[in-house]
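Colleague: Could you take one part of this model and walk me through it closely? Start wherever you like, and then follow the thread outwards.

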Amino acid sequence: MVEKIDHLGIAVKDLDEALKVWSDALGLELTGTEVVESDGVRVAFLQIGESRIELLEATSESSPVAKFIAKRGEGIHHLCVKVRDIDLAAAQVRERGLKTIDAAPRPGAHGARVMFVHPAATRGVLLELSQHE
Ligand code: CO
């Protein structure tokens with residue numbers, strides 16, 4: 001059901017400051033920025049080989065990313081794996097009794113359809129399942 005690591009999400013306090021490190025200093029190619037209102041984040045994607053790094057900045061204090069940073073500080077927030085069929089993946093996850101954050105697949109950044117699996121189900125890693133357009 002899983003094809004590859006799609007991206008690693010990193011929670012940051014200031015997206016522009018983070019881009020100075022990840023894009024300017026480390027030289028990763030910035031492929032786009034976007035505000036995802038439904039998640040309360042502004043994100044930037046950087047290409048790294050076949051995968052990407054997603055920098056996440058909260059757009060409000062009630063954003064899950066703001067809460068994550070308040071509790072744990074900046075750092076790795078989630079792992080995203082690419083799936084061929086998100087509806088099938090969602091059905092399998094439910095069938096196997098894994099606790100999820102989303103009840104069903106929903107729109108994510110860059111037009112992908114995503115669904116988050118709870119860290120309690122994955123030994124402590126917030127897992128994003130993503131199907132691209
Ligand atoms: Co993500």
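**Around His-78**

Modeller: Let's start with a side-chain pair: His-78 and Glu-128 make a polar contact through their side chains, at 2.9 Å. Bear in mind that this is a predicted model. The His-78 side chain has a polar contact with another side chain too, that of His-77, also listed at 2.9 Å. His-78 sits in strand E5, and with a relative accessibility of 3% it counts as buried, because the cut-off for that is under 20%.

So what does His-78 touch, once you leave out residues within four places in sequence? The list runs through His-7, Leu-8 and Gly-9, then Glu-54 and Leu-56, and ends with Phe-116, Leu-126 and Glu-128.

Three of those names come back straight away at the metal. The cobalt ion is coordinated by His-78 and His-7, each through NE2, and by Glu-54 and Glu-128, each through OE, at distances of 2.1 to 2.2 Å. The angles between the four donor atoms run from 87 to 174°, which makes the arrangement irregular. Along the chain, the donor residues follow the spacing H-x46-E-x23-H-x49-E. His-7 belongs to strand E1 (residues 2–12) and His-78 to strand E5, so this pair ties together parts that are 71 residues apart in sequence. Both of these histidines are buried.

Glu-54 leads us to the next stop by way of its number: strand E4 covers 51–58, helix H2 covers 64–72, and the loop between E4 and H2 holds Ser-63. Is Ser-63 buried or exposed? It is buried, at 2% relative accessibility. Its contacts, setting aside neighbours within four places in sequence, are Asp-39, Gly-40, Val-41 and Ala-58.

Now back to E5, this time for what it covers. Strand E5 (75–83) is among the elements covering the buried residues of helix H3, and strands E7 (113–117) and E8 (127–131) are also among them. Which residues of H3 are buried? Within H3, which spans residues 86–95, they are Ile-86, Ala-89, Ala-90 and Val-93. Around the helix axis these residues cover an arc of only 100°, which puts them on the same side of H3.

The ends of H3 are worth a look as well. At the N-terminal end, Asp-85 acts as the cap, with a side-chain oxygen 3.0 Å from the backbone nitrogen of Asp-87. After H3 comes Gly-97, and its phi is positive, near 75°.

Ile-86 also takes us across to E8. Gln-131, which is placed in strand E8, has a polar side-chain atom 2.8 Å from the backbone nitrogen of Ile-86. Not counting residues up to four places away in sequence, Gln-131 touches Val-83, Arg-84, Asp-85, Ile-86, Ala-112 and Arg-113. Gln-131 counts as partly exposed, at 21% relative accessibility. Between Gln-131 and Asp-102 there are 15 Å from C-alpha to C-alpha, with the two 29 residues apart in sequence.

Asp-102 is a good way into the charged pairs. Its side chain meets that of Arg-106 in a salt bridge, 2.8 Å from N to O, and Asp-102 is buried at 11% relative accessibility. Arg-84, met above as a contact of Gln-131, turns up here too: salt bridges with shared partners join Glu-3, Lys-82 and Arg-84 into one network.

How many salt bridges does a search of the whole structure find? It comes up with nine. One more pair worth a look is Asp-16 with Arg-42, whose side chains form a salt bridge at 3.5 Å, N to O. Asp-16 is in helix H1 (residues 15–25) and Arg-42 in strand E3 (residues 41–48), so the pair ties together parts that are 26 residues apart in sequence. Both ends are partly exposed, Asp-16 with a relative accessibility of 45% and Arg-42 with 24%.

Helix H1 also has an internal pair. Glu-17 and Lys-20 form a salt bridge, their closest N and O atoms 2.9 Å apart. These two are three residues apart in H1, which means about one helical turn between them. Glu-17 is partly exposed at 42%, and so is Lys-20, at 45%.

Conventions:
Residues numbered from 1 in each chain as written. Predicted model: local features only at pLDDT ≥ 70, side-chain atom pairs only at ≥ 80, totals over all residues. Heavy atoms only, no water. Buried < 20%, exposed > 50% of the residue type's maximum accessible area, 1.4 Å probe, protein only. Helix = DSSP H or I, 4+ residues; strand = E, 2+ residues; numbered from the N terminus. Arc of directions from axis to C-beta. Contact = heavy atoms within 4.5 Å. Polar contact = N/O pair within 3.5 Å; in protein donor to acceptor, adjacent residues only side chain to side chain. Salt bridge = Lys/Arg side-chain N within 4 Å of Asp/Glu carboxyl O. Donors = N, O, S within 2.8 Å, 3.2 Å for Na, K, Ca; no water. Tetrahedral: all angles 85-135°; square planar, octahedral: opposite > 155°, others 65-115°.
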